[in-house]
Amino acid sequence: MKRLMLIFMTALAVSMCCRGQRNVFIITDGAAIDGLHAPWDGLDDDTRFRCFTDQDFFYFFFEVNEPTLTLTVPYTGERDVDPEDRVEVFFSPREEMDIYYCAEIDPAGNIMDYEAKYYREFDYDWDFDTMEVLTRIEDDSYIVSGRVSRKELTDLGIDLEKGFRMGVFRADFRPDGSVNWYSAVPTADKSPDFHKPDLLFSAALK
Ligand SMILES: [Ca+2]
C-alpha cells in the first residue's frame with residue numbers, strides 16, 4: 001500500500017477535467033476535482049479528489065480539510081460510519097441508477113459499502129470484493145486513498161472505457177451530530193440527497 005500512496009502523491013500535479021451532467025469526466029492520471037459543494041448550506045470546501053487507473057485497478061484519492069474530526073468510538077461495524085466524517089464514491093452503469101454501488105469511507109479506513117437501487121433501496125450486506133483503502137489522519141485534515149479492481153467493476157456493469165456514472169461526496173459531521181453534506185456536482189437542490197441521478201456525473205477513460 002506504500003507504493004499506492006506514492007503513486008497518488010506523484011500523480012497530483014495535474015489537469016482539471018470537465019464535470020457535470022453533460023460533460024464527461026475523463027479519467028487520466030490525476031483526473032481532478034478541486035472543491036465540493038454544499039449549496040443547501042451555502043458552503044464550498046476545498047476537498048481534493050483524484051482518480052486514475054492502471055491495467056488492473058481503478059484508484060481514487062481524497063484529501064479533506066477537517067477541523068471537526070468526528071468518528072464513532074468504539075467502532076463496532078460498518079453502519080457506525082453513518083454518523084461519521086467520511087468521503088463517498090458511487091458507481092452506476094447507467095444514469096437511471098436502477099443499480100449502483102457505493103463506498104463510504106471514514107478517516108480511519110472503515111468502509112460502509114452497499115448495493116443500491118433508485119430510489120434509496122439499500123443492501124448493506126453487499127460488499128466490494130476487491131476494495132482496499134489506506135487512510136491517514138493529520139492535524140485538521142485526512143487522506144483516503146483506495147482502489148478497486150477493474151475486473152470487479154466490469155463484472156458489476158461499470159464500463160470504464162465506454163463510460164459510467166460516478167458520484168463523489170463528503171459528509172462533514174461535528175461531535176454535536178450536526179452535519180454538512182458536500183457534492184462534486186453543483187445543484188440547485190434545496191436539501192441534500194446524493195441518491196439521485198443528477199448528483200452523479202458521467203465518467204470514462206480517455
Ligand atoms: Ca467533521
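Trainee: In which order do the strands of the open sheet of five run, and how do they pair?

Mentor: Happy to help! In this predicted model, the order is 2-5-6-12-11, and the pairing is antiparallel. Strand 2 (31–34) and strand 11 (132–138) are the edge strands, each pairing on one side only. On average, neighbouring strands of this sheet are turned by 10 degrees against each other, direction ignored.

Trainee: How many bridges link strand 6 and strand 12?

Mentor: Nine bridges, in the antiparallel sense, between residues 57–65 of strand 6 and residues 141–149 of strand 12. To find your place, look at Asn65, which stands opposite Ser141 in strand 12.

Trainee: Now the backbone. What should I look for there?

Mentor: Start from the usual case: most residues other than glycine have a negative phi, and most peptide bonds are trans. Here, the bond from Val73 to Pro74 is cis, with omega near 0 degrees. Pro74 sits in the loop between strand 6 and strand 7 (86–92). Another cis peptide bond joins Tyr118 and Tyr119, with omega about 15 degrees; Tyr119 belongs to the loop between strand 9 (111–117) and strand 10 (121–123).

Trainee: And is Met97, with its positive phi, buried or exposed?

Mentor: Met97 has phi near 55 degrees and lies in the loop between strand 7 and strand 8 (100–105). Met97 counts as buried because it has 20 C-beta neighbours inside 10 Å, and 20 or more is the cut-off for that label.

Trainee: Why does Asp140 count as exposed?

Mentor: Asp140 has 11 C-beta neighbours inside 10 Å, so it counts as exposed; the limit is 12 or fewer. Its phi is also positive, about 60 degrees, and Asp140 is placed in the loop between strand 11 and strand 12.

Methods
Residues are numbered from 1 along each chain as its sequence is written. This is a predicted model: local features need pLDDT of at least 70, side-chain atom pairs count only at pLDDT 80 or more; totals for chains, interfaces and linings use all residues. Two strands pair if DSSP finds at least two bridges between them. Helices (H or I, at least four residues) and strands (E, at least two) are DSSP runs, numbered from the N terminus. Axes are lines fitted to C-alpha atoms, for helices over the stretch in contact, and angles run from 0 to 180 degrees between N-to-C directions.
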